[in-house]
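I opened my notebook to look up a few things about this protein. My entries follow the order in which I checked them.

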Amino acid sequence: MTETPKPAEGRKQQATARKHTALPKAQTLIEALPWLTRHHGKTVVIKFGGNAMIDEELKAAFAQDVVFLHHAGLKPVVVHGGGPQISKALDRHGIVSEFKAGLRVTTEDAMDVVRMVLAGQVQRELVGLLNQHGPLAVGLTGEDAHTITATKHQPRIEGELVDIGRVGEITEIDTGAIEALLADGRIPVVSSIARSQDDHHVYNVNADTAAAALAAALDAETLMVLTDVEGLYEDWPNSDEVISRLTASELEKLLPDLASGMVPKMEGCLHAVRNGVHTARVIDGRVQHSILLEIFTDEGIGTMVVPDGEKGETA
């Protein structure tokens with residue numbers, strides 16, 4: 001016959017059970033300790049994009065991750081584009097979306113819509129989500145305080161330079177406004193629009209490229225690029241094996257064979273690590289809390305690019 005535990009023994013058993021239930025959480029926190037120690041006080045630039053921009057639960061989880069990093073002692077800077085929202089708005093204005101060399105053809109009329117969507121819609125929503133956790137986020141565009149300056153970009157297609165309108169190539173970064181916000185304990189949210197070096201208008205710049213340029217100029221510890229794939233595949237489409245870590249030189253060799261959508265992301269990662277950023281990561285934005293999973297667990301979930309000579313070191 002089984003004896004009924006005395007009240008004190010029952011409480012002791014419950015406490016033991018609670019302790020065991022909490023152990024995995026403690027283990028995860030311990031895994032994060034080296035990363036937190038290394039990154040405390042450091043700047044982390046995060047490119048927000050992909051499905052995470054249009055799924056309400058993913059957006060909320062992204063905001064929680066960024067605020068968590070802030071409270072953990074890091075200095076997150078968010079850079080965003082707005083591809084799906086821009087395409088939808090252009091449709092409403094009767095402007096056909098067209099892409100050349102992987103970039104959106106941006107006429108003068110389209111540029112007005114791009115500017116309105118990025119600065120007036122996507123950025124506002126993102127700032128609002130972050131500020132649900134406190135008065136932290138401040139939005140700005142690359143044109144504000146001359147943060148991003150660009151000149152006209154003309155890609156070469158089949159040997160010919162092609163005019164794709166108001167698409168900019170970044171020529172200069174001024175980090176003053178962003179650094180002032182970080183020093184004030186804020187989270188800057190930057191729209192990928194640049195002031196024009198050529199005239200008094202603005203340019204549409206690729207958000208992956210803008211994030212990489214800002215990360216390098218801010219001497220960031222890490223660049224994170226959210227996308228809609230698991231990472232960089234080793235032999236796509238023959239295998240879905242994801243490369244967890246590679247050096248800048250190894251990435252450079254793979255660039256010519258990458259799918260067009262991955263090229264600006266991986267070129268951005270390469271630019272970042274070759275200009276002082278310690279690591280650059282491409283992570284799956286379709287996974288809730290992908291930022292925390294990538295950096296706070298030993299396994300990680302994406303692809304990390306490191307400078308040459310650091311492949312075997314802990315990042």
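**Entry 1: N204**

I started with N204, which sits in strand β12 (residues 202-204). I kept in mind that the model is predicted.

Is N204 buried or exposed? I found a relative accessible area of 10% for N204, so it counts as buried, the cut-off being under 20%.

Next I asked which residues N204 touches, leaving aside its neighbours within four places in sequence. I listed R104, T106, M111, V114, R166, V167, G168 and S192 as its contacts. For T106 I could add a detail: its side chain and that of N204 are joined by a polar contact of 3.3 Å.

**Entry 2: the record**

I then looked at UniProt, where an unreviewed entry lists G82, G83, R104 and N204 under "binding site". These residues are spread over 123 residues of sequence, yet they cluster in space, with a largest C-alpha distance of 11.5 Å. I also noted that G82, G83, R104 and N204 from this set belong to the lining of the largest pocket. Two of the residues in the record, R104 and N204, had already come up in my first entry as a contact pair.

I picked out G83 for a check of its own. G83 lies in helix α3 (residues 83-92). Its relative accessible area is 30%, so I wrote it down as partly exposed, which means between 20% and 50%.

**Entry 3: the cavities**

How many cavities of 30 Å³ or more does the structure hold? I noted two.

The largest cavity has a volume of about 50 Å³. I copied out its lining residues: F48, M53, K59, Q85, V122, E125, L126 and L129. Helix α4 (residues 108-131) gives the largest share of this lining, with four residues. Sorted by class, the lining of the largest cavity has five nonpolar residues, one polar and two charged.

For the second largest cavity I noted about 40 Å³ of space. The residues that line it are A52, L58, A61, F62, D65, L226, G285, V287, Q288, H289 and S290. Here the largest share, four residues, comes from helix α2 (residues 56-71). By class, I put down six nonpolar, four polar and one charged for the lining of the second largest cavity.

**Entry 4: what I keep**

I keep three items for revision. N204 is buried, whereas G83 is partly exposed. Both are among the residues that UniProt lists for "binding site". Both also help to line the largest pocket.

Conventions. Residues numbered from 1 in each chain as written. Predicted model: local features only at pLDDT ≥ 70, side-chain atom pairs only at ≥ 80, totals over all residues. Heavy atoms only, no water. 1 Å grid on protein atoms, 1.4 Å probe; cavity = no way out; pocket = protein on both sides within 12 Å on 5 of 7 lines; lining within 4 Å. Points joined across faces, edges and corners; volume = space filled by probe spheres on them. Helix = DSSP H or I, 4+ residues; strand = E, 2+ residues; numbered from the N terminus. Nonpolar A, V, L, I, M, F, W, Y, C, P; charged D, E, K, R; others polar. UniProt positions renumbered as here; feature names shortened; annotations may be inferred. Buried < 20%, exposed > 50% of the residue type's maximum accessible area, 1.4 Å probe, protein only. Contact = heavy atoms within 4.5 Å. Polar contact = N/O pair within 3.5 Å; in protein donor to acceptor, adjacent residues only side chain to side chain.
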